[in-house]
Every structure is written in C-alpha cells, then in structure tokens.
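The following note sets out points for a colleague who has the sequence and the model at hand. Please read each point beside the structure.

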Amino acid sequence: MKFYSFKFFFLYILIMSSTSLIRFFFPSFFSSAQLQNSQYWKDRLLRAKALGLNTIQTYVPWNLHEPSPGELVFEGIADIESFLKLCQELGFLVMLRPGPYICGEWDFGGFPAWLLSIEPPLKLRSSDPAFLHLVEKWWGVLLPKIAPLLYNNGGPIIMVQVENEYGSYGDDKNYLHQLVSLARRHLGDEIILYTTDGGSRDTLEKGTIRGAGVFSAIDFSTGDEPWSKFKLQKEFNEPGKSPPICTEFYTGWLTHWGEKLAATNAQYTANALETILSRNGSAVLYMVHGGTNFGFLNGANTGSDDSDFKPDITSYDYDAPIREWGDSDSPKFKALRKVIKKYSPVSVPRVPPNNGKRGYGKVKLQKRASFFDVQHTIQNPKDVVEAKNPVFMESVGQMFGFLLYVSEYPAKKNRSILSIPKVHDRAQVYVSCSLDERINKYVGKIERWATEPLEIPSIRCASTIRLSILVENMGRLNYGPYVYDRKGILSDVVMDGSVLHGWRMIPFSFQNLSKLFKESPIVGVGTTTSEKELSHSNLEYHSELLSEGPMLYEGHFTINSTDEIADTFISFSGWGKGIASVNDFNIGRFWPLAGPQCSLYVPAPLLRTGKNVVIILETDAPNHELVVESIDQQDFTCGQRSRSGTK
C-alpha cells in the first residue's frame, strides 16, 4: 500500500444537493423538481475553503443513484462526477465513501429501499451471495465512473472507503475482503483503500482488514483523549503507515423529533480539534455543513430495541460551523477557523459574506381536498394489491411516504378493540360504513413506539364497517442491528381477539397533486358535502365526531422581481404534522407538535418571480387560521423537548 505524504485538514461533507450541497432529495414528493447540479455546491465549498480545509470527504448513497432496480441517476443533483471535478477546480482533495453502506443519518444507511422487497430476505452487509451480487452490479456502474478521477489518474480522489464502521455491526471478514477485491478490480492497486471504525479494540478487530493493504482509520467522540486512540490505531496498520486521522470529528450532533436541539460549545470543539492538530494529526469535521433532509430520505435510530424508534428531524444543521442555510459567521466557525489557521501551511482565504435571506410574510392556505376524497383520483388502480393479510410497503413498490390498508368487518353493537402488534412507523385509524366510505371517523393512532390496543367506538351501519389504516414511513433506520427496516404493517391486525383477513393495500403517488389542483378549482372537501350526505348515510353518529382525515392545503406568495429572490423558511408554528412542498419540490416533514423544528428551509433556487405555490399534506391538526409564514430565519423552538439532545 502506498501512502502519499499529504498533511490533511479533512472536511466531512456530503454531495447530493443542488441548493444546499448536502442531503438533497432527488425524487420529489409531489413532482420531480430536478434542479441543476451546482447552484449551491460552489458556495458551500468556498466557505469550507475559508474555514481552512483542504480535503472533501463525501458519501455516495446508492439509493440516490439507483432508486429502483436498473434505474440509474447521475444527472442534476446526482451528478457526482461534476461535483468531484468542482472540488478539484477549487483546490480540494477528496476522500470518497462509496458504501455500499454509508450510515450518515440517511434513509436505510444509503441502501436502496427496493432491497427490502427481495425474497428470501437479503442478509445485508454480509457475504450473502445474493446481496454481494447486487453490490457488484452497483459498483460495476459507479466505480468505473470515478476511476478517471483518482489521484494517480490526475483527479482529486486520494482515498476510497470500504464499507463504514463495520466493526460496530458485524465481523464477516469474507464480506470485507470481497469488497476490497471488487474495489481493486475497478480502481487498481495505486489508490488507498480505507476502513473507518470506532476507536476501540473490539470495533477495530471486527472492522479492519489486516494483510489486505487497507488503511485502518478511526473515529471517536470529540471529548475523548485522541492520542491514546491513535496509538491503538497504529496496531491495526502496517509499521510506518499509520498517520493519525480521526475520520469523524464531531462538530455537533444530530437531533430526533421530540428532542432538545443538539448543540456543542464552540470553544470546547475548537480546543478538542487543536489537541489533534497540534501534534500533526488530522481530523474530518463531521459535519462542516450538514444541510437538509429534503423529501423522505431522513434516517432514524433506535434505542434498546427496534420499537424505540427515533426519526431524524428535517434539518441536518448538526450545529455545524457552516449552518444549514449556509451562514459562516457562527462562533463555532470562527473558533475552528482560528485553530486551523494556526496550523495551516498555506494562507486561509477570506470568508464569503452570508447569503441574503428574506421573509415573504404570511401565506393564507385554502383547503383543497381530504385525502380520502381524492384517493381514487391519485391512486393508480393497477398498483392496488389484495392479500389475505397485510403486506409491507416495499413489497407493493411503495418505498416512501404512505400506504393505506383497507379491510372490512361485521357491524357490531358494542365497542371493539383493535390491536396491531407491529407497525412501522405510524398508523392513523379510521372507520366508516362500507356503503359510504367517504365519511370517515378518526378513532386514534398506533405508533411503532406505542402499540397499545385501540378502542373502536360503536358504529351502527346497515352494511359492514370499513377499516382504513393509513401508515406513514417516517424514515428507515440507518445504524445499528435493526437496519433491516421494512415499513408498513408487519403483523396481523386483530379485532376483538380475531385476526382480520381480506386486505387491500393502496399506494399513493403524489406526483400529480399540483396537476390535480390546476385542473380542478376545488377538489371535493368532506366538510362541504358531509351534512347533505349524512342524511343518506348509514353511519349514525354526531357530526362533531366526523373526521375528514389528512387534508391537502394550497396557498401562494408572490415575488415581484429576481432581486427579491432569497433563501427563506416556512414556519409551521401552530400546525400539527405533515409534508410540505414549494413549487412542486418536497421541502420535508414538519412536526411542530413534537419539535424542536418549527420551520423548513427553502433555498433560493427553488423560488421564482411571480407566484410561488405552497402545498401541504397535514395529517394531524391544522392551524385554525390556515396560515403559514415565510420568515427570514430558522426556528427550533417548538414541541415538548423532553429529551436531551446535547452531546
């Protein structure tokens, strides 16, 4: 193994974004708003340069580039080759992390969700031949694209990672060796391959590949004493070939819904970095710029078991020195820059000014349609699956978002008890008389972390009762032993002790919602028709118990000139939970009831002169004034922040 004699100040950064550089979701929730690839890449890279960094470390998420089997995406925001060339143009070296598993608080750790639809189930991150065959096909596409950009071929890539923190997951050495062989086949013997594992003997024993010419890097918590870790690292590398590198030096931490916003002290972080740099060590700043979990690609974590489910918020600000929206004047940026300048062998560029931000004021929304009113319009009948028992989302081709499960049971005079022992992740339960399925009654929710049985009130119907269960996928696990994380209803559904059979699974494509609104001035809304229909309905209960179900809202704000276009944030304070889009681009999930995030970042390249359209799917509790607000700063003050998110 060769090891080039560079002195690195490493930067940890992701690739997939055309507006915030990082974590930019390609397939939009409402329709595909494919922005061009470099709208904010250069901006964020120049800020990293001004921090004093000289190397970019970037993931390659498999699920971004192959969203369905054989569908390969390398254009627009997924144009990795253009990003790598831009890095080189700006004078950066690159450490590439092509997976196949990346973690990164990214849905399913970067694996494409369609892997979960394969039967028999794949053994992920193992030498399972079926799994390795798919990895070989994927790397057979990816690695030849990056080979011309290797350092020894005149490109910026100096190192390529094999897997990621494998010692914290398994110890299948055959799997690791096969990945190394595959990488060498496409990339040659000159490139430095490396592994990354936690700075403990146990994780290094499991995750490193001795005797294969693969460099063993480590990561550890910011508060740990680094040099004892680096001493241990040397034991797992060839003599004289173990430069001290922390490949994940944590500048902050992630935040889950319902937690206090994670933060770390600026000077504490800078002092910890200086402990490494002062003795000629190197560190990857994780993160230097976190970005945003646009769309549905946020990850999730668990606690003691897979029911202790903790989905990530939409913001991946991470309390990083370059903020989610690109600002680079934070105390942390200044403190880290001061330390890096002290040890940098070259001058550090001037810091670019922050980009402008603007609030466009309140946006009045109009109720457009109940989810149940439009289900027959937005569903494709060919996609509806019928089965004796509920099936998981991925098996019906629904990789993200929502799946509606529908069954029927005989009308009863007494109340019933519904039980769903295993649901991933959040089920909202509705009942109606089968002869009038548009008038639904919301009876409660069953969640992955709270699966207590649900009481179904007495309903008098002339026909059977229709049971509708809307299940939301809130993001797949990206780390830990439960990463094989199928979504939907994963158990029997039991009513009064008896298993319900005869199910329809209805996936929904939201790609055509904006088109639906353009073609129809106001789609039928439950409240406008319920009173008339109730007189003919067999569903007999008070009107105040009626629920329209999840509701779609639309509004707009106007920008008069290009000079007025700037980054903004949509505040959902006073709303419940849901998904939002701006100009047909999914800007992410909002859940102010849980917090801490109140608002969603809207990068300027998503906006346009004239009318800018906001569409919301609210699943829980709409703001009573039906108003959102475009503001000029991020807001993390919502929710019942009961857990500590500080590290």
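1. A residue is called buried here when its relative accessible area is under 20%. The model is a predicted one. By that cut-off, five of the five residues of strand β3 (residues 93-97) are buried, so β3 is largely enclosed by the rest of the structure. The side chains of this strand divide into two sets: L93, M95 and R97 point one way, while V94 and L96 point the other way, and all are buried.

2. Which strands pair with β3? Strand β2 (residues 55-59) pairs with β3 in the parallel sense, over five bridges, and T55 stands opposite L93 in this arrangement. Strand β4 also runs parallel to β3, the two being joined by three bridges; here L96 stands opposite V160. Between β3 and β4 the chain passes through helix α4 (residues 129-146), and this β-α-β crossover is right-handed.

3. Q161 belongs to strand β4 (residues 157-161). With a relative accessible area of 1%, Q161 falls under the 20% cut-off and is therefore buried. The side chain of Q161 makes a polar contact of 2.7 Å with that of R97, and another, of 3.1 Å, with the side chain of N164. Apart from its neighbours within four places in sequence, Q161 is in contact with L96, R97, P98, G99, Y194 and T196. Two of these partners, L96 and R97, are residues of β3.

4. The UniProt record, an unreviewed entry, places the feature "active site" at E165 and E248. These positions are spread over 84 residues of sequence but cluster in space, with a largest C-alpha distance of 10.7 Å. As the annotation may be inferred rather than shown by experiment, it should be read with that reservation.

5. Where does E165 lie? E165 is located in the loop between β4 and α5 (173-187). Its relative accessibility is 10%, so E165 counts as buried. Not counting residues up to four places away in sequence, E165 touches R125, T196, D197, D219, E248, Y250 and Y479. The other annotated position, E248, is thus among the residues that E165 touches.

6. E248 is part of strand β7 (residues 245-250). Is E248 buried or exposed? E248 has a relative accessible area of 5% and is therefore buried. Its side chain is joined to that of R97 by a polar contact of 3.4 Å. The side chain of R97 therefore deserves inspection from both sides, given its polar contact with Q161 and that with E248.7. How many disulfides does the model contain? The count comes to two, and along the chain the bonded cysteines follow the pattern 1-2, 3-4. A disulfide is a covalent bond between the sulfur atoms of two cysteines.

8. One disulfide is formed by C433 and C461, whose sulfur atoms are 1.8 Å apart. The angle about the S-S bond is -85°, and the link is left-handed. This pair connects distant parts of the chain, 28 residues apart: C433 in strand β17 (residues 426-433) and C461 in the loop between β19 (454-456) and β20 (465-472). C433 has 0% relative accessibility and counts as buried; C461, with a relative accessible area of 14%, is buried too.

9. Another disulfide joins C598 to C638, with an S to S distance of 2.0 Å. This link is right-handed, with 125° about the S-S bond. Here too the pair links distant parts of the chain: C598 is in the loop between β28 (585-590) and β29 (599-602), and C638 is in the segment after β31 (627-631), 40 residues apart. C598 is buried at 2% relative accessibility, and C638 is buried with a relative accessible area of 10%.

10. Two further cysteines may be noted for their burial. C87 counts as buried, at 0% relative accessibility, and C246 likewise counts as buried at 0%.

11. E554 lies in strand β25 (residues 551-559). At 19% relative accessibility, E554 is under the 20% cut-off and so counts as buried. E554 and I616 are 62 residues apart in sequence, yet their C-alpha atoms are 6.4 Å apart in space.

Key
Residues are numbered from 1 along each chain as its sequence is written. This is a predicted model: local features need pLDDT of at least 70, side-chain atom pairs count only at pLDDT 80 or more; totals for chains, interfaces and linings use all residues. Side-chain values use heavy atoms; hydrogens and water are left out. Helices (H or I, at least four residues) and strands (E, at least two) are DSSP runs, numbered from the N terminus. Buried means under 20% relative accessible area, exposed over 50%, partly exposed in between (1.4 Å probe, protein chains only). A polar contact is a pair of N or O atoms within 3.5 Å; within protein, one must be able to donate a hydrogen and the other to accept it, and residues adjacent in sequence count only if both atoms are side-chain atoms. Contact means heavy atoms within 4.5 Å. A disulfide is a pair of cysteine sulfur atoms within 2.5 Å. Two strands pair if DSSP finds at least two bridges between them. A crossover is right-handed if, with the strands pointing away from the viewer, the path from the first strand over the helix to the second runs clockwise.
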